[in-house]
Each structure stands twice: as structure tokens, then as C-alpha cells.
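Trainee: I would like to go through this model and ask, for each label, what earns it. Can we start with the annotated region and then take the sheet, the helices and the cavities?

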Amino acid sequence: MPSPPNLDNLGLATALAKARKSYHEGGVPIGAALVYHSGDTPVVLGCAHNQRIQKSSPTLHAEIAALEDAGRQKAAVYRHSTMYTTLSPCIMCTGAILLYKIPRVVIGENVNWVGGEDLLKKHGVEVVVLDDPECKTLMKRYIEEKPEDWNEDIGE
């Protein structure tokens, strides 16, 4: 298994590519990737971006969409996976992470918004915040450009 920094580089790079895609489509620039890492080589099971604007969906946050992209998995797969997300996960996405007992969440940034990190930690999930400059800049720019869409995304 690669060292955590290499694994984290793969996961965040995948999520960030999806966040950029969403931004270029006019959507909320949040990306996520579910990476399985039980064997010698990590596998990106699913990755996606927030599609609330693009598909007029109330639930297609990046983490939920990444789980959908990964498809149905056995419980043991989730328990040997990490969820990567470019922004701190909201309560809905936190709930999905807890439901499937994903033991580790790596967050690109939590400066622009903090979601359910404390709840994740309370339930024993390892939470790593990378404080990634591109994640912060992309999200800040979107919030400034489209504050109404952002506020809708977080239920404001």
C-alpha cells in the first residue's frame, strides 16, 4: 500500500479535478473521490462533483455522487476506503460517510466552510484537513461569484 501522502495525493488530485469540472460547468466546485486501499495498489472506486446546479438535484453533493459512481459495494470495501473531498462535508454527506462506516475522510479545505467534521470525529472517523491552496481559492471565488447558489447548496 502506498504511504498515506501518496495515497492522499491521488485522492485529492482526483477530487480536485472533479471540482474544477463542476466550476467550468457553472456548478458548485466541490469534488470527491472514494479510494479503496486494502491491497497493494489503491483503486478509485468512484469520483464525482457537486451536480446540484447542473441536474437541479437537491441531493447530488460531491460525496453522495462519488458514492453513487462507486456503485454498490460490500461493507468491507467501505471500511478499507477513504473519502476525499475538496471541502468539509455537510451533514448529509457526513451521514452517508457514517452510514457506510468509511473510517477516514481527507478534506482539501475547511476555511470557506466547515461541515460535519466534529460529528465524524465523535464517531471515530479519522479526519485530515490538507489546507490545500487551490481548493480554498476555487471555493472562495465561487462563493464571491454566485453567493445565492452557494447559500442554496448549504441550506441557507
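Mentor: Start with residues 6-128, where the chain is 41% helix and 20% strand and the end C-alpha atoms are 14 Å apart. Keep in mind that this is a predicted model.

Trainee: Where does the range 6-128 come from?

Mentor: From UniProt, where an unreviewed entry lists those residues as "domain: CMP/dCMP-type deaminase". Such annotations may be inferred rather than shown by experiment.

Trainee: What makes β2 and β5 edge strands?

Mentor: The sheet is open, with five strands in the order β2-β1-β3-β4-β5 and mixed pairing. β2 (43-49) and β5 (126-129) each pair on one side only, and they are its edge strands. On average, neighbouring strands are turned by 15° against each other, with direction ignored.

Trainee: How do you know that β1 and β2 are paired, and in which sense?

Mentor: Pairing requires at least two bridges. β1 (residues 31-36) and β2 have six bridges, in the antiparallel sense, so they count as a pair by that criterion. One position to look at is V35, which stands opposite V44 in β2.

Trainee: What does α3 touch in the sheet?

Mentor: α3 packs on the sheet through β1, β2 and β3 (81-85), and its direction makes about 135° with that of β2. Contact here requires heavy atoms within 4.5 Å.

Trainee: Which values describe the packing of α3 and α5?

Mentor: Two packed helices are described by the angle between their axes and the distance between the axes. For α3 and α5 (residues 91-99), the angle is about 35° and the axes are 8 Å apart. E63, I64 and L67 of α3 meet M92, C93 and A96 of α5. By class, that contact has five nonpolar residues, one charged and no polar.

Trainee: Why is an empty space called a cavity rather than a pocket?

Mentor: A 1.4 Å probe must fit there but be unable to get out, whereas a pocket is open. The structure holds two cavities of 30 Å³ or more. The largest has a volume of about 80 Å³, and about 40 Å³ of space lies in the second largest.

Trainee: What lines the largest cavity?

Mentor: Its lining has 13 residues, and I30, H61, S88, C90 and D153 lie nearest the centre. α3 (62-70) and α8 (147-153) are the elements that give two or more residues to this lining. By class, the lining of the largest cavity has eight nonpolar, three polar and two charged residues.

Trainee: And which residues line the second largest cavity?

Mentor: L16, A19, P29, T86, L87, C135, L138 and M139. Two or more residues come from each of α1 (4-24) and α7 (133-145), and α7 gives the most, with three.

Trainee: What makes T86 the polar member of that lining?

Mentor: Thr is in neither the nonpolar nor the charged list, so T86 falls among the others, which count as polar. The lining has seven nonpolar, one polar and no charged residues.

Key: Residues are numbered from 1 along each chain as its sequence is written. This is a predicted model: local features need pLDDT of at least 70, side-chain atom pairs count only at pLDDT 80 or more; totals for chains, interfaces and linings use all residues. Side-chain values use heavy atoms; hydrogens and water are left out. On a 1 Å grid over the protein atoms alone, a cavity is a set of points where a 1.4 Å probe fits but cannot get out, and a pocket is an open set with protein on both sides within 12 Å along at least five of seven lines; lining residues have an atom within 4 Å of a point. Grid points are joined across faces, edges and corners, and a volume is the space filled by probe spheres set on the points. Helices (H or I, at least four residues) and strands (E, at least two) are DSSP runs, numbered from the N terminus. Axes are lines fitted to C-alpha atoms, for helices over the stretch in contact, and angles run from 0 to 180 degrees between N-to-C directions.
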